[in-house]
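Subject: Structure for you, with notes

Hi,

Here is the structure I promised to pass on. Have a look at it before you read my notes.

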2 protein chains.
Amino acid sequence: MRDELVDRLRSVLGDDAVVDDPDVLDSHRNDHAKFCTAGVPRALVRPSSTAEVVEVVRAASELGVPIVTQGARTGLSGAANAIDGCLLLSTARMTQILEISAEDQVAVVQPGVVNAQLSRAVLERDLFYPPDPSSWEMSTIGGNIATNAGGLCCVKYGVTSDFVRGLEVVLASGEVVRTGRRSAKGVAGYDLTRLIVGSEGTLGVVTEATLELRPAPEAALTAAATFRSIEDGIAAAAAVMASGLRPSLLEFLDQPTLRAIQDYRDMGLPEDVGSMLLAQSDRGPRAAEDVARIAEICTAHGAVDVAEASDVEESRMLLEARRLVNSALEPLGTTLIDDVAVPRSQLITLLRGIAEIGAKYDVLICCPGHVGDGNMHPTVVFDPADAAAEARALEAFGAVMQLGLRLGGTITGEHGIGTLKARWLETELGPVGLELHRRIKAAFDPGNLFNPGKVLL
Amino acid sequence: MRDELVDRLRSVLGDDAVVDDPDVLDSHRNDHAKFCTAGVPRALVRPSSTAEVVEVVRAASELGVPIVTQGARTGLSGAANAIDGCLLLSTARMTQILEISAEDQVAVVQPGVVNAQLSRAVLERDLFYPPDPSSWEMSTIGGNIATNAGGLCCVKYGVTSDFVRGLEVVLASGEVVRTGRRSAKGVAGYDLTRLIVGSEGTLGVVTEATLELRPAPEAALTAAATFRSIEDGIAAAAAVMASGLRPSLLEFLDQPTLRAIQDYRDMGLPEDVGSMLLAQSDRGPRAAEDVARIAEICTAHGAVDVAEASDVEESRMLLEARRLVNSALEPLGTTLIDDVAVPRSQLITLLRGIAEIGAKYDVLICCPGHVGDGNMHPTVVFDPADAAAEARALEAFGAVMQLGLRLGGTITGEHGIGTLKARWLETELGPVGLELHRRIKAAFDPGNLFNPGKVLL
């Protein structure tokens, strides 16, 4: 049977830009989120230019076919999952770095550029693109923009939206709008750039981004401190943040996470270690001094052991524990990664509450996180073969979000809503806030063409 | 004649919260913008709480009376100017600092809190609220939010929106919405906080703001360098920005501005000085070292004279020239202050173009500015008694904005659109962007209750 959409797209974009092979389509149904349903797409299209995206949007709009935009599908909330009968719009061919300007400290890129590709290209010019989600070797700038991706360096540099100056976006009408600007400042009109960043593909298709760069910092040095208790580690993190130092990384690992890491690979961590703090400074000649001050603060807050790296290789080794988290948890079962962020003063209450939730629902919850931002990743680990355990894990997952909200936080610090958390969104936004979201969505996309059923149910 | 709106507001808020005295109303018609029309308001109301703002909005909405929200009316674009028959909603009684949390590094304030009041209150707790518009001794946080105010420290710390974590807003429906969050990170839903910051009172009434604070830096040290030409000064500024230093202030004064200052007060500036660069570092023990490096960079870029402050008092003296700009220009005539921002690589072209515009329209244009951000304030000075000169000045003002746009910049870096630049907005946003703005305005405020005729004509 001929597919009118496929035929039309092939006639405009060429045969090889449009895929309807069921196996290929099947392999593109999901992002990295677990426990999110994915539909069966009608076709996959890979436009190369803004003009081609316009053609795709017009065709889909006229035929009433919803569009799901996909980057590298490394997202963790199901926002890039297929919907039944949708057109998958992949940015895989929009991989051009259009410009890197040292003088203006900006890069202009297509959305399919991989974060690591951009980061390396600007580094060759002694420039720095800070946003560093852990997926950075695979994830695209377009995907980072769609989810307003965070990462390890947020604690000093901020998140993706802090580095997006302007966007080119194809709207549901097929019109192209440019938001923002290339200059450092600007207040002409509403901040549409920030509205689109983090909108998870529901408002339009980003076809170009103007990104802010910084002069490249020198390689970071690291301090790693272990504590007897969670409380000591959290208190030390708070003291570091209050000190006026601006660590370029400040990560926390709790006891269950550390035990899993030690079981996975012998890092010499003692059995009774309660928590670990990892901190970096990238202030070049000052980094060693910063790291020494952080070490002092940790010692003053009861650290059992503090290691300071004297060079980049030692720093890498100290960070190894953090890097092993996912690998270490994998053998223990299926993981359901949460992403609550709370005001830092609530971190100890959050961690105690998570321990209680784990006990109540009889599941293991490991809690690594970006402690400097109050953004934790409580990870529920359970046996996927045990249906009862899975049900309890999902209940624990929800309870963690409710706890985060009660403590004045958010259900998602950096992973997004997608489908994974869509039913919790109203709890955070309230009915008035949710209705305002719907009206904004309708202002951009009255026919609900883009990513229907994601974020807003 | 009884006024139904006034009677209703008095019955709910009390007599002294509602003003209909024509003299008082007349004194509240304008903000600090020149050349912007202001209408005759129907009444002025000063609610004290969110609940009272809700009552005000409901009453005005039911009676079809537009609302113009006013802070300290120090804005420079006419956004706070009265409209004929409007209700002025003043935040003058909403002056409570509700909370300062050292642990979470946030402050929660009502919108009528004066910037300086907040800045001093948090400094007592060794905390720092960076946004520092030059109006900071008078302007309110609500006004700073409405205009997304910038200031001198933007070059290091960013603008107001970078420090607003969450808002409470009364919508045109009288409903109250909370946007954003108290935590450092969060991506649940669209970024309504950023959408409202800078919306110049057109989307709702901000009744509470949760603001990000930083640990207080030490007092800044200053370097001041004079150059023979504009080109040398701009090149030195670019080199400072490329160096990886993060000056906490980087200001530029061009030759016409420096001459006006020298005529106003003898600062010992030579007749043939072409430009001046002022830079600060607030990095405590490192500030002197930073200032020395900035001085070296200036010398390497042809500075005629470089002064480095060795203490805070000397720093204050060096900054005196910058502080005298407005006073020095006042005796020369009426000033029309522009606010273009361009990519830094375009600054020399901008300044040359401005000199040509001045020559073409036979007006004096002085050009001080926040050079680190590419945000300049070309100031057209003319004799207000000379109608022809005024007409030429207004043409020159428009030509400067067109030039800024041609160079990839914006018509307003930090002052906003208001009424002053509303007719230029479409040139910057394009018809598609403008239409999207209108749809967003309608999504928030379908009856056009808030600040009609401002920003969007």
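Below is what turned up where the two chains meet.

First, some ground rules: residues are numbered from 1 along each chain as its sequence is written, and chains are lettered from A and ligands numbered from 1 in the order in which they are written. This is a predicted model, so local features need pLDDT of at least 70 and side-chain atom pairs count only at pLDDT 80 or more, while totals for chains, interfaces and linings use all residues; side-chain values use heavy atoms, with hydrogens and water left out.

Chain B and chain A each put 73 residues into the contact (heavy atoms within 4.5 Å). Together they bury about 5,800 Å², 58% of it on carbon and sulfur atoms (buried area is the accessible area, with a 1.4 Å probe, that two parts lose on being put together, summed over both). On chain B's side, B:Lys185, B:Val187 and B:Tyr190 supply 17% of the buried area, more than any other three residues.

Nine salt bridges cross the interface (a side-chain nitrogen of Lys or Arg within 4 Å of a carboxyl oxygen of Asp or Glu). One of them joins B:Arg286 to A:Glu289, with the closest N and O atoms 2.8 Å apart.

How do the two chains relate? A rotation of 180° with 0.0 Å of shift along its axis lays chain B on chain A, RMSD 0.0 Å (least squares on the C-alpha atoms of residues with pLDDT of at least 70 in both). That is the relation of a two-fold axis. Both copies use the same surface: 100% of chain B's contact residues recur in chain A.

Cheers
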